[in-house]
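Open the model in a viewer and keep the selection tool at hand. The stops below go from single residues to cores, cavities and backbone details.

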Amino acid sequence: MSWLTGLQAMLVYLVPLVIGRAVVLALFGRPIDSLAAKVRAKLAGLKWFVGNESKYQGLLLVPYYFGLGSLMVLAVAMVSQYLIYPWLGIGFERVFFPLVWLMVFVSLLENLIRWPRGWWGQLKKLVAPALALGLMAGVAYGLWLYKSPYPLNWDWYQHQTLAGLIQEGNFSFLASEVSDTFGFNSYPPMFHLLTAVAQYPRELAPNYVIEFWQWVSFYHLLTVGVASWWLGQVVMRKPLAGFLSGALGVLVFDSAVSFTSFFWLPQTMAAVLFVLMFVGLLSVVGRGRRLSWWKTSVAVMILPMFHYLIGGLAALVFLGVDVFARLRKKFPEVSVGLPLVSVVVLTVVVGALFSGHVDLNELNRGEAGFYTFSLVEKQGFLEHAYGYGAYLWLPLGIVFALTKKDRRHEVSLLLLFGFIAVLLSGFPYVLKFFTLARFWVNLFMVIGVLGVLSYVKSKWLKWMAALGVVGMILVMLVVNANFWKAGALYQGEYSHISKDDIEVAEILRENYKDGVLLISDPATQFILEGLSGTNSLGGAYMSIEDRKVLGKALVDSGPEEFVKAIEGLEDLLLPGADEKLVAVSARSFVWARADEKDRLSFAFSVWSPLNFSVNDLKRLKEIEKSNNLEKIYESLYVVLYRVK
Amino acid sequence: MRRFLVLIKDLVLVLAVLLIMAGGLFGVGLPFRFPIAEVGEYQLAAFDSGLALYQFGRRSPFYSMSPLNDFYVTEEGYRATHLSNEEFEAKEFETNLSRNKPLRIYEAVVAYFGKLDPKYVVTKEGVEVWYESEVSGNEAEITKTIKFDEPTVVNGQGVTFSYDPGDIVFDPVSLRIYSSATREEIRLIEELYGLKLVPSGNVFVSGKLSQKAVSLVNPSVPGVITVKAGLGQEMLLDNRFRFVEITTGEKSIKKNARISFRLMVAETLGRRE
């Protein structure tokens with residue numbers, strides 16, 4: 001993998017961070033708020049554990065800088081698209097990217113000139129945890145990449161499609177107005193804007209985007225580890241707690257629906273940002289203080305901008321805890337008990353009563369049914385990630401936390417119970433919230449383990465036990481990765497794509513980019529669109545009508561009928577393409593020959609590449625009898641035709 | 001003394017944490033099927049009734065090697081199957097797939113790194129039958145071993161390889177077709193695999209194959225499967241009941257009787273440019 005791409009992928013995090021800090025410096029004159037400075041002075045004499053937590057105070061601002069910087073990038077995009085373009089007629093890409101990079105340049109200067117005083121003093125204390133986290137993330141990612149040269153995150157193709165379109169100047173706050181891959185507005189544009197900024201102005205060649213996503217996924221895993229470590233550190237205020245919490249964060253793979261650790265996605269990024277911001281809130285609440293107004297505002301605004309559902313809930317939780325802390329400061333008699341119990345009871349009752357009335361066949365074309373799980377299934381998913389460990393350590397952790405009687409444990413309990421209640425409800429997609437809940441599940445498991453180990457006097461024996469625990473989680477990770485990858489074996493690798501996909505994508509990118517509509521089965525065109533940027537017929541979210549037409553054309557039509565059917569298919573957003581291409585792969589035939597229910601469903605896919613069979617070849621020969629098809633590329637897996 | 005007691009208490013607690021954690025490990029969800037070895041275009045894995053070659057991700061035939069079909073020849077000259085249908089239905093047997101969890105967890109870890117080839121072991125009263133594979137590239141050598149509790153007279157034994165009704169079966173050397181195949185199929189097989197099959201006037205019904213090797217292509221899935229018998233073995237093809245039988249007349253009165261054969265799955269040949 002190219003190191004240059006690795007550095008460029010880092011920009012996803014660095015660009016907003018640099019801009020955000022510069023804005024704070026410009027607005028407040030110094031990088032830390034005055035309240036924190038006062039608190040630090042007060043805490044300086046306290047020995048909480050090894051050192052004191054105020055050593056992380058400056059770093060607690062980092063997620064807020066990142067959030068503010070992201071909002072700035074979004075604001076520039078909105079101004080470029082909705083003010084400058086309509087008024088001055090200058091294309092989005094000609095305004096947005098230069099403006100953002102100008103902001104980065106100016107911000108860098110300001111950051112360098114006003115480099116934080118005593119930064120090394122703060123950072124050097126983090127060298128040991130950073131090395132430990134880096135090592136664990138490296139091992140975990142190495143195990144994950146074993147025999148998997150391409151990202152195994154199926155959703156990345158659609159997010160890359162949108163980021164690529166943004167780089168070309170196609171921006172809208174509503175994703176459905178940019179690409180028909182997004183049938184409805186399920187994603188806000190923040191994630192894609194940051195990706196587009198980081199990739200600008202590189203040529204988005206297939207191999208480059210693959211590498212970019214491999215690198216950025218590793219950075220994401222690192223941030224998951226940092227968020228987990230920090231949460232453990234701030235709640236329990238012990239280095240061992242931070243270490244174990246970070247280890248669980250990195251090594252536990254929630255292999256159903258949420259995929260927090262290995263998959264860099266809008267929802268997983270929102271979850272990590274929430275935890276990092278929440279740590280700051282918890283740190284302040286734990287000391288009976290209030291969070292600065294700008295931090296609360298940034299958190300509440302930015303989290304839903306990464307993911308409406310996950311970020312929206314995260315913002316609500318953040319605001320709820322913040323308001324609760326402010327109220328409690330003003331009215332000490334406000335209790336945590338009543339809201340906690342009522343939230344849990346209410347969620348479970350509402351979930352039980354109403355989930356049965358949701359028509360799963362209607363919701364998101366049946367996909368909702370696929371993402372609705374019974375309690376037994378949910379239990380199975382939990383065991384894939386944690387074994388039986390969660391059944392003992394989680395309750396133990398709750399018991400130990402209840403005995404602590406401090407606000408950090410209290411608030412953490414509130415969140416844990418709230419998330420559990422949501423997860424237990426029978427609504428579709430609730431398991432997606434595990435991307436938030438996992439941080440608290442891990443935290444309370446660590447509280448449980450450390451609760452038992454607190455009776456151990458010897459410090460090195462405690463660390464030995466912790467290392468033993470990490471070793472066993474590592475075993476679970478390998479078994480879980482085996483479970484997850486087993487269905488994607490193709491030519492000695494676990495993969496969703498083949499080298500042929502990359503070759504076709506290169507041809508598409510170089511020769512068939514503008515005014516072209518690519519038509520194939522949902523899986524093939526989803527992959528090719530993500531890799532090449534060539535517009536497809538809705539990617540994996542092809543409409544039901546188009547699925548019916550294409551499915552019939554692939555298996556049951558004469559050559560001219562096939563061409564006629566292809567000619568009749570039109571992109572929902574960009575009808576009247578100058579040129580139409582058809583990619584017929586072995587996947588296409590498996591999809592077309594599947595039961596109608598599967599063929600029309602969003603949940604069904606042909607996950608791994610396949611080669612042509614004799615029958616597939618027979619069908620290709622029939623199709624090729626048409627005089628209106630020109631063969632552009634041919635391999636054992638896919639044939640690409642141009643409709644004349 | 002007090003410090004020693006504290007150390008003992010510490011060790012007990014640490015051990016308790018590790019044991020509980022190890023106990024928790026038993027709950028980890030195992031992969032649905034493992035190990036899975038890639039043999040050319042096909043995958044080889046163990047199922048409840050034996051080893052099978054198949055293709056994941058599409059409707060695929062299952063080419064099985066099973067104790068339900070395989071046999072040994074008794075002292076009296078009868079063929080005795082290793083597991084009867086009645087025993088299978090009544091579940092009067094055990095397999096390695098239902099082994100204890102710690103061993104399966106270990107196997108899942110080793111299998112992830114490709115260090116474990118598929119194996120199927122069936123145990124019933126008095127006998128154990130092992131199907132072991134050794135996979136290398138696009139070839140797999142399958143060895144069947146019968147392990148009796150007591151020394152038993154074995155007057156030969158056999159393994160069977162059942163195939164699909166739609167398969168095109170042919171001689172891998174002369175390329176003469178044993179089954180039925182259309183001209184178009186023959187032409188497409190040549191294009192896809194570079195094999196120019198020779199149609200035969202009559203469909204071969206049943207009989208011994210002197211060259212001890214047979215190949216088959218399923219038109220719905222890619223790949224050519226070639227089954228080869230070993231030295232001193234005989235191969236019989238039955239097109240009515242669709243199986244290949246490899247037998248050995250080797251006699252034994254030991255506890256172990258072994259038979260092995262090679263299974264070669266050709267990769268899709270060439271590249272259509």
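Is Ser412(A) buried or exposed? The coordinates are a predicted model. Select Ser412(A) and turn on a surface: this residue is buried, with a relative accessible area of 0%.

**Around Ser412(A)**

Ser412(A) belongs to helix 18 of chain A, which spans residues 407-424. Show the side chain and look for the backbone oxygen of Arg408(A), which lies 2.7 Å from a polar atom of the Ser412(A) side chain. Next, show the neighbours that are more than four places away in sequence: Ser412(A) is in contact with Val235(A), Leu282(A), Trp440(A), Leu443(A) and Phe444(A).

**From Trp440(A) into the core**

Move the selection to Trp440(A). Apart from residues within four places in sequence, Trp440(A) is in contact with a set that includes Ser412(A), Leu231(A), Phe274(A), Val275(A) and Phe278(A). Leu415(A), Leu416(A) and Phe419(A) are also among its contacts.

Which residues have the most contacts inside the largest nonpolar core? They are Phe274(A) and Trp440(A), in a core of 192 residues. To see the element with the largest share of this core, select helix 9 of chain A (residues 206-236), which gives 18 residues. A second, separate core has 44 residues, among them Phe589(A), Leu636(A), Val639(A) and, from the other chain, Leu195(B). As a general background, nonpolar side chains tend to be buried together in soluble globular proteins.

Zoom out to chain A as a whole. Chain A has 27 helices and six strands, and buried residues make up 60% of its 644 residues. Of the contacts in chain A between residues at least 6 apart in sequence, 78% join residues at least 24 apart.

**Asp616(A)**

Select Asp616(A), in helix 27 of chain A (residues 614-623). Asp616(A) is buried, at 0% relative accessibility. What does its side chain reach at 3.0 Å? The partner is the backbone nitrogen of Ser613(A). Beyond four places in sequence, Asp616(A) touches Ala586(A), Phe589(A), Arg593(A) and Asn611(A), and also Arg58(B) of the other chain. Phe589(A) appeared at the previous stop as a member of the second core.

**Helix 8 and the loop after it**

Colour residues 190-199 of chain A, which form helix 8. All 10 of the 10 residues are buried, so this helix is largely enclosed by the rest of the structure. The buried residues include Met190(A), Phe191(A), His192(A), Thr195(A) and Gln199(A).

Step forward to Pro201(A), in the loop between helix 8 and helix 9 of chain A. The peptide bond from Tyr200(A) to Pro201(A) is cis, with omega near -5°. Chain B also has a cis bond to show: the one from Phe34(B) to Pro35(B), with omega near -10°. Pro35(B) sits in the loop between helix 1 (2-25) and strand 1 (37-39) of chain B.

**Two positive phi angles**

Most residues other than glycine have a negative phi, and most peptide bonds are trans. Phe259(A) is not a glycine, yet has a positive phi of about 50°. Find Phe259(A) in the loop between helix 10 and helix 11 (266-286) of chain A, where it counts as buried at 17% relative accessibility. Lys405(A), also not a glycine, has a positive phi of about 55°. Lys405(A) is in the loop between helix 17 (389-404) and helix 18 of chain A, and counts as exposed at 74% relative accessibility.

**Cavities**

How many cavities of 30 Å³ or more are there? The count is 10. The largest cavity holds about 160 Å³ of space. Its lining has 16 residues, and those nearest the centre are Tyr490(A), Pro609(A), Glu38(B), Glu41(B) and Gln43(B). By class, this lining has six nonpolar, six polar and four charged residues.

The second largest cavity has about 80 Å³ of space. Select Leu248(A), Met445(A), Val469(A), Ile473(A) and Met21(B), the closest to its centre of the 13 residues that line it. Helix 10 (239-251), helix 16 (375-386), helix 19 (434-453) and helix 20 (459-485) of chain A each give two or more residues to this lining. The lining of the second largest cavity has 13 nonpolar, no polar and no charged residues.

**Last stop: Leu231(B)**

Select Leu231(B), in the loop between strand 15 (224-228) and strand 16 (233-238) of chain B. Leu231(B) is exposed, with a relative accessible area of 87%. Lys212(B) is 19 residues away in sequence and 9.3 Å away in space, C-alpha to C-alpha.

Key. Residues are numbered from 1 along each chain as its sequence is written. Chains are lettered from A and ligands numbered from 1 in the order in which they are written. This is a predicted model: local features need pLDDT of at least 70, side-chain atom pairs count only at pLDDT 80 or more; totals for chains, interfaces and linings use all residues. Side-chain values use heavy atoms; hydrogens and water are left out. On a 1 Å grid over the protein atoms alone, a cavity is a set of points where a 1.4 Å probe fits but cannot get out, and a pocket is an open set with protein on both sides within 12 Å along at least five of seven lines; lining residues have an atom within 4 Å of a point. Grid points are joined across faces, edges and corners, and a volume is the space filled by probe spheres set on the points. Ala, Val, Leu, Ile, Met, Phe, Trp, Tyr, Cys and Pro count as nonpolar, Asp, Glu, Lys and Arg as charged, and the others, Gly among them, as polar. Helices (H or I, at least four residues) and strands (E, at least two) are DSSP runs, numbered from the N terminus. Buried means under 20% relative accessible area, exposed over 50%, partly exposed in between (1.4 Å probe, protein chains only). A polar contact is a pair of N or O atoms within 3.5 Å; within protein, one must be able to donate a hydrogen and the other to accept it, and residues adjacent in sequence count only if both atoms are side-chain atoms. Contact means heavy atoms within 4.5 Å. A nonpolar core is a set of buried Ala, Val, Leu, Ile, Met, Phe, Trp, Tyr and Cys residues joined through side-chain atoms within 4.5 Å.
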